[in-house]
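Please walk through this model from one buried position outward to the rest of the fold. The sequence and coordinates come first, and the explanation follows them.

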Amino acid sequence: MHKWKFCAACALILMAVSCDMLNQPKKVILDQTEYNIGSEGGTIDVSFVPLVGWEASWSEDFVSISPASGEASEQRITMTITVEKNTTPLERRAKIIVKFENNEQTVTITKEAYFPDPGIDPDQDPDQDKGWNADTDT
C-alpha cells in the first residue's frame, strides 16, 4: 500500500514540474555574443531560433543588420551584421541589443584599428604613372 502512495506522490510531483516547465517563458539564448572583425570589415552571421518575437537595435553607424526584427518561429534564422571598413587608427566597438519578448541579449562587435601600409602614400592616385613613361622608356 505504501508503494502505491509513493508512486502516486511521485507522479503528482512529476506532473507539477512538467506543467511548471510548460508555463516558463521561452527564453532565447544566442550561442555567441562577442565577435572580432578585422579593419577591412565584412559580415557576421548570428543564427538562432526565435521562439518569440524579436527586434535588434545598434549603437554605431558602421554596422547594419538584416533582418533587424522577426516573428516567433521554431526555425533557425540568420541575422546578418554588416560591418564597414575601419579607416581610423582606433579600435571600434558596436553594441547590438537583441530584444526578445521576455529577455534581451547584447552582442558586441570589436573592429580592429586600421594601420595603412607605411610604404604606400595615401595621397597618391593608385592609377597614377609610377615614374616611367611607356612611350619613352623601353
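**A lysine in the last strand**

Lys111 lies in strand β8, which covers residues 104–111. The model is a predicted one, and the description below should be read with that in mind.

Which side chain of opposite charge is nearest to Lys111, and how far away is it? It is Glu84, at 6.1 Å. Lys111 is buried, yet it has no salt bridge. A salt bridge here requires a side-chain nitrogen of Lys or Arg within 4 Å of a carboxyl oxygen of Asp or Glu, so the distance of 6.1 Å to Glu84 does not qualify. The backbone of Glu84 is another matter: its oxygen lies 2.8 Å from a polar atom of the Lys111 side chain. Setting aside neighbours within four places in sequence, the contacts of Lys111 include Ile37, Gly38 and Ser39, as well as Phe62, Val83, Glu84 and Lys85. Asn86, Glu91 and Arg92 are also among them.

The chain does contain 1 salt bridge by this rule. Arg93 forms a salt bridge with Glu91, and the closest N and O atoms are 3.3 Å apart. Glu91 has a relative accessibility of 46%, so it counts as partly exposed. Glu91 is also one of the residues in contact with Lys111.

**The strand and its sheet**

Of the 8 residues of β8, 6 are buried, and the strand is therefore largely enclosed by the rest of the structure. What are its partners? Strand β1 (residues 34–37) runs parallel to β8 and is joined to it by 4 bridges. Within this pairing, Ile37 has Lys111 as its bridge partner; Ile37 also appears in the contact list of Lys111. Strand β7 (residues 92–100) runs antiparallel to β8, with 8 bridges between the two. In that pairing Thr106 of β8 stands opposite Ile97. β7 and β8 form a hairpin, with 3 residues between them.

β7 pairs with β3 too, in the antiparallel sense and over 5 bridges. Here Ile97 of β7 stands opposite Ser57. Ile97 thus appears in both pairings, opposite Thr106 in β8 and opposite Ser57.

These strands belong to an open sheet of 5 strands with mixed pairing, in the order β1-β8-β7-β3-β5. At its edges stand β1 and β5 (69–70), each with a single partner strand, so one side of each has no neighbour in the sheet.

**Other pairings and the nonpolar core**

Further pairings involve β6. β2 and β6 pair in the antiparallel sense over 7 bridges, and the bridge partner of Val46 in β6 is Met79. β4 and β6 are likewise antiparallel, joined by 4 bridges; in this case Ser64 has Thr82 in β6 as its bridge partner.

Met79 leads on to the interior. The largest nonpolar core has 22 residues, and those with the most contacts inside it are Met79, Ile81, Val98 and Ile109. Two or more residues of this core come from each of β1, β2 (42–48), β3 (54–58), β4 (63–66), β6 (77–83), β7 and β8. The largest share, 4 residues, comes from β7.

Not counting residues up to four places away in sequence, Met79 touches a set of residues that includes Ile44, Asp45, Val46 and Phe48. Trp54, Ala56, Ile65, Ser66 and Pro67 are also among them, and so is Val98. Val46 is thus both a bridge partner of Met79 and one of its contacts.

**The chain as a whole**

The chain has 1 helix and 8 strands. Read from the N terminus on, the elements run α-β-β-β-β-β-β-β-β. The loop between α1 (2–23) and β1 contains Ile29. Is Ile29 buried or exposed? With a relative accessible area of 57%, Ile29 is exposed. The C-alpha atoms of Ile29 and Pro50 are separated by 9.1 Å, although the two residues are 21 residues apart along the chain.

Of the 138 residues of the chain, 25% count as buried. Among contacts in the chain with a separation of 6 or more, 59% are between residues 24 or more positions apart. The parallel pairing of β1 with β8 and the contact of Met79 with Val98 can both be located in the structure shown above.

Key
Residues are numbered from 1 along each chain as its sequence is written. This is a predicted model: local features need pLDDT of at least 70, side-chain atom pairs count only at pLDDT 80 or more; totals for chains, interfaces and linings use all residues. Side-chain values use heavy atoms; hydrogens and water are left out. Buried means under 20% relative accessible area, exposed over 50%, partly exposed in between (1.4 Å probe, protein chains only). Lys and Arg count as positive and Asp and Glu as negative; His and the chain ends are not counted. A polar contact is a pair of N or O atoms within 3.5 Å; within protein, one must be able to donate a hydrogen and the other to accept it, and residues adjacent in sequence count only if both atoms are side-chain atoms. Contact means heavy atoms within 4.5 Å. Two strands pair if DSSP finds at least two bridges between them. A nonpolar core is a set of buried Ala, Val, Leu, Ile, Met, Phe, Trp, Tyr and Cys residues joined through side-chain atoms within 4.5 Å.
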